[in-house]
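New to this one? Have a look at the sequence and the model first, and then we'll walk through a few spots together.

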Amino acid sequence: MDKKRVVIVGGGVTGLSAAYHLQKQVQSAKLPIEITLVEGSNRLGGRIHTIKRDGFTIEKGPDSLLARKPIAMELVKELDILNQTRYNSTGQSFMLIKNKLHKMPKGAFMGVPKQIGPLMRSKSFTLSGKIRGLMDLIKPKNKSTEDESLGHFMRRRFGNQIVDNQIDPLLSGIHSGDIDKMSLQAIYPIFGKMEQDYGSVMKGLARTMPKPEKNKKGKPAQGQFFSFTNGLQTLVDELEAQLDAVEIIRENRVNHIEKKEAGYHVLLDSGNVLAADFVLVAVPHTQVPGMLSKHPPLQELFDIPATSTANVVLAFDEKQIKRDLDGTGFLVTRNSNYRITACTWTHRKWEGTAPAGKALLRCYVGKPDDQEIVNESDEALVDIVLKDLNKVMKIKGRPLFYEITRFIEARPQYHTGHLELISRVRAYVAGHLPNVALIGSSYDGTGLPDCIEHGQKGAELALKALTENK
């Protein structure tokens, strides 16, 4: 086999995962394959970015990995950083409904009810709302299995009240989008399958979801999310440290990818050209049509919407907070007059993130119908957040400091028809751009464990293409 080169475009979690898994396989099989990773900014990790300030540990982007998705923990074990993991505290969380905090009901999965008792005891819904929610148990399943919006599906099964007061704040918050536009089949096909297999989402959840393990007496329950003692940046730093056989090029954007008679030329901002036998494109979908401008069908990628959000992190002395919240945070219903969508009491959710006597709050803004807020000045954003927080608790004075991170058109939205769009694009790429693969959160799943998996699958695609029949 002649020497080959794989170029990975993008140094976020997907690109790093691809580089790591590719390097591992190349070294194991002693293959003559070189790996080059190109990143446009001066740092790797994409949205993951942990900073330390005045004794605080602050996540400017994502703060954790979902523990129930095993691929993330498998990578942590491979990297030998398991001893640095920590799980979130499992204190009470709340839902803010019409200026009143309600305890997040137990007996739910991703905000979707799975038990009758907790639903009936909840104070978040009226009696009629609860009865309408229980209709899921007897309502006939939909005869059509065509894609529909997640919101339409949930309203059809549970009614508007449960969706608006519980399901929507959680799922819309996770995806920074509008559940009445999100594709059920692209984001949560499991719910549609439960309806078809069991005739009810609640019945399906009861029969398929594992029951939470009972902890030994005196031991706190383990959270559903994990990070690391020094923040999520630990994962990025360790991945980078182990890429000893990967050429990493920073602060160099890819301007163009051109198909040649044999392989591809990858043109960089610097004017340098990388010859590649396989190209893994792990950047946001909005950048792809420009890189492959000679292929007009890829313009369809612009039909995938992307929303903007901002994280506003505020540090306080605990004595500044006059009306305390006995919990780890709250979600805000979208039909409220609040502009924040959620607030996490980080110092309670993640032990060790704030010095003794200090408090660290992280608020989120950027509803789908309030995108302009992300462009406000830092001071204006802090004022908006404090105004909303003071409707729920009393905070005296200004924060000790704040950190604001904006993600402009960075959250891809999987609207109805998303799977068909991606299928068309990939069919075109397979037919006209062999040995090019589009991977990442724009296509098959937006969570960090999903991105790790995208990278791993991308590495497998490259290896298969370069080693078959050689």
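**A quick tour**

In this predicted model, three strands make up an open sheet with antiparallel pairing, in the order 13-14-15. Strand 13 (254-259) and strand 15 (273-276) sit at the edges with a single partner strand each, so one side of each has no neighbour in the sheet. After the sheet, we'll turn to a helix and a pocket.

**The sheet**
- Neighbouring strands here are turned by 20° against each other on average, direction ignored.
- Strand 13 and strand 14 (residues 264-268) run antiparallel and are joined by five bridges.
- Glu258 stands opposite His265, which belongs to strand 14.

**Helix 6**
- Helix 6 covers residues 160-175 and spans only 20 Å between its end C-alpha atoms, while a straight helix of 16 residues would span 22 Å at 1.5 Å a residue.
- Look for a kink of about 50° at Ile167, shortly before the proline Pro169.
- Both Ile167 and Pro169 are buried, and other buried residues of this helix include Ile162, Val163, Leu171 and His175.
- Right after helix 6 comes Ser176, with a positive phi near 50°.

**The second largest pocket**
- This pocket holds about 390 Å³ of space.
- Its lining counts 20 residues, and Arg426, Ala437, Leu438, Ile439 and Leu461 lie nearest the centre.
- Helix 14 (418-432), strand 22 (436-438) and helix 15 (448-467) are the elements that each give two or more residues to that lining.
- Helix 15 gives the most, with seven residues.

Technical notes:
Residues numbered from 1 in each chain as written. Predicted model: local features only at pLDDT ≥ 70, side-chain atom pairs only at ≥ 80, totals over all residues. Heavy atoms only, no water. Helix = DSSP H or I, 4+ residues; strand = E, 2+ residues; numbered from the N terminus. Expected span 1.5 Å × (residues − 1). Bend = angle between axes of the 7 residues up to and from the residue. Buried < 20%, exposed > 50% of the residue type's maximum accessible area, 1.4 Å probe, protein only. Pairing = 2+ DSSP bridges. Axes fitted to C-alpha atoms, helices over the stretch in contact; angles between N-to-C directions. 1 Å grid on protein atoms, 1.4 Å probe; cavity = no way out; pocket = protein on both sides within 12 Å on 5 of 7 lines; lining within 4 Å. Points joined across faces, edges and corners; volume = space filled by probe spheres on them.
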